[in-house]
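Welcome, and please get your viewer ready. We will take this tour one selection at a time, beginning in the interior.

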Amino acid sequence: MLAVVGLTLTACTSSEAGSGNSDQNSVSPELAAAVDDAVANALTLSGSTEAVVGVWQGDDKAYVRGYGEGVTAATTFRGAQASQPVMCALLLDLVGKDQLALGRQVSKDLPRQAGIADITYAQLCDQTSAIADFKGGFGDRFTNNPTRPWPEQELIANGLARSPLAWPGKNVYMSDTNAVVLDRAIRLNENRDTYDLLQSHVFGPAGMTSTSYPDSFSETEIPAGSMTPLTYPSSGNKPVCDAGVTEIEALSPTMIRGAGATLTTVTDLKDFYTKYLSGGFGGEKAAKHVTEFQPAKNPERDEEGNPKEEPDTAGTQIGFGIEKVGPLQGRAGAMTGSLTAAYADPATGLTVVVALNNSSAGAAFSQALAFQLAALSGAELPWSAEDQGGRLSELAVCQPEG
């Protein structure tokens, strides 16, 4: 178990932290060693062989590096749900330019799509659409057949088949179907490809020079310069440990599409969250929505939908494409061959981004690692490094007995 260390970050000695996609080390030797130990532990517990990690505190203090043969800060990976808020940033930018309205009904742009009546663009990002997540029942197939092409409509249909959930417009439900519907609706409204829209409205303005969205979903080759995706085969959405780790030689990003198919780096994700959480997309007209949250735990409601109890404001909060846990805002994610997490505290500038190359431990694992690194940095948080180390051990997969 890692000890909590009283650590002080030192001044930057090389390039400015947060700029470019190069390895950086402008922190104390104690913090660097603690991060290295934590990542080594996480690699073992998740069955990963590669990782990329970044820890930033303000604009001039950072520790960014890769772990594994040939892995550096410039190594790319699929961002999964940690990159999903780029779709909401796109929406806000279009709203700020009067090209869309948050209150516009999505059905006006997807008139042939059943099951989305009265759902607005805003509800797709604030998670109040009551559309169920499409991944239910698909987990084993995503893992065991990673090259299978998934039509966009098939993902949407699987989510809508179990929708609407209770109290549309009031209750929150984290659902990747929201992002897939949002992607399709914006693309058809603007009559432009998503990769072009994201580059113009999000990646370019945020300085995400090494980030891209697929321009062809028929491509399944692992992009050059990216981490080597791994997974354990899956049965019943649980890893089959006896089968051993499988190296994924080809993968279709259609399994997640707008919910996280973005190819990115830890520094690019850091730069995105810095801009997004500071209201950098959409101007005053739209950016205020990024600061609005409601409890992830939905209250019991009366017949008119009014809460019967006071909201639980102590736990996780759900916002506009992001969640808030303690002072940290961001997302954790998982898709076949990729575990990611990106969280930031806008008040202090602390940002932690992690990526691992074995997806079997799930998004909660990458979140726990990010929270552990945040605690090691010396930030005031409602958990300790030991707390998150314990979570990592509980979430570990395929560990030898004893």
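**Stop 1: a core residue and its neighbours**

Select Val202 to begin. Beyond the residues within four places of it in sequence, Val202 is in contact with Val86, Ala89, Leu90, Leu197, Met208, Phe272 and Phe281. Now widen the selection to the largest nonpolar core, which has 73 residues. Val202 is among the members that touch the most other members, together with Leu91, Val106, Leu182, Ile186, Phe272 and Tyr276. Helix H2, residues 85–96, gives the most to this core, with 9 residues. Another core, of 41 residues, lies apart from this one; to find it, select Ala34, Ala42, Leu328 and Trp383, which are among its members. As background, nonpolar side chains tend to be buried together in soluble globular proteins.

**Stop 2: how confident is the model?**

Before going further, please keep in mind that this is a predicted model. Colour the chain by pLDDT if your viewer allows it. The mean pLDDT of the protein is 94, and 95% of its residues reach 70 or more. Then select residues 1–18, where pLDDT stays under 50. For this stretch the model has 53 contacts beyond four places in sequence. Where pLDDT is low, the predicted coordinates should not be read in detail.

**Stop 3: the largest pocket**

Which residues lie nearest the centre of the largest pocket? Select Lys135, Ala334, Met335, Gly362 and Ala363, and you have them. The lining of this pocket has 37 residues, and the space in the pocket is about 750 Å³. Next, show helix H4 (139–144), strand S7 (238–239), strand S13 (328–335) and helix H10 (363–376), each of which supplies at least two residues of the lining. S13 provides the largest share, 5 residues. Coloured by class, the lining of the largest pocket shows 17 nonpolar, 15 polar and 5 charged residues.

From H4, step along to Asn145, in the loop between H4 and H5. Is Asn145 buried, partly exposed or exposed? Its relative accessible area is 37%, so Asn145 counts as partly exposed. Draw a distance from Asn145 to Thr336: the two are 191 residues apart along the chain, and their C-alpha atoms are separated by 9.7 Å.

**Stop 4: the largest cavity**

The structure holds 1 cavity of 30 Å³ or more. About 150 Å³ of space lies in the largest cavity. To find it, select Arg78, Ile222, Ser226, Met227 and Pro229, the residues nearest its centre among the 16 that line it. The lining of this cavity divides into 8 nonpolar, 6 polar and 2 charged residues.

Keep Arg78 on screen and add Pro214, in the loop between helix H7 (194–203) and strand S5 (230–231). Leaving aside neighbours within four places in sequence, Pro214 is in contact with Arg78, Tyr195, Pro253 and Ala261. Pro214 has a relative accessible area of 13%, so it counts as buried. The C-alpha atoms of Pro214 and Thr194 are 8.4 Å apart, with their positions 20 residues apart along the chain.

**Stop 5: a buried alanine in H6**

Move on to Ala179, in helix H6, residues 176–190. Why is Ala179 called buried? Its relative accessibility is 5%, and buried means under 20%. Leaving aside neighbours within four places in sequence, Ala179 is in contact with Gln84, Gly258 and Ala259. Pro85 is 94 residues from Ala179 in sequence, yet the distance in space is 8.6 Å, C-alpha to C-alpha.

**Stop 6: backbone details**

Finish with the backbone. Select Ser163 and Pro164, which are joined by a cis peptide bond with omega about 0°. Pro164 is found in the loop between helix H5 (152–160) and H6.

Next comes Gln127, in the loop between helix H3 (121–126) and H4. Although Gln127 is not a glycine, it has a positive phi of about 65°. With a relative accessible area of 3%, Gln127 is buried.

The last selection is Arg257, in the loop between strand S8 (246–247) and strand S9 (263–264). Phi of Arg257 is near 45°, a positive value in a residue other than glycine. Arg257 also counts as buried, at 13% relative accessibility.

Note on methods. Residues numbered from 1 in each chain as written. Predicted model: local features only at pLDDT ≥ 70, side-chain atom pairs only at ≥ 80, totals over all residues. Heavy atoms only, no water. 1 Å grid on protein atoms, 1.4 Å probe; cavity = no way out; pocket = protein on both sides within 12 Å on 5 of 7 lines; lining within 4 Å. Points joined across faces, edges and corners; volume = space filled by probe spheres on them. Nonpolar A, V, L, I, M, F, W, Y, C, P; charged D, E, K, R; others polar. Helix = DSSP H or I, 4+ residues; strand = E, 2+ residues; numbered from the N terminus. Buried < 20%, exposed > 50% of the residue type's maximum accessible area, 1.4 Å probe, protein only. Contact = heavy atoms within 4.5 Å. Core = buried A, V, L, I, M, F, W, Y, C linked by side-chain atoms within 4.5 Å. pLDDT = per-residue confidence, 0-100.
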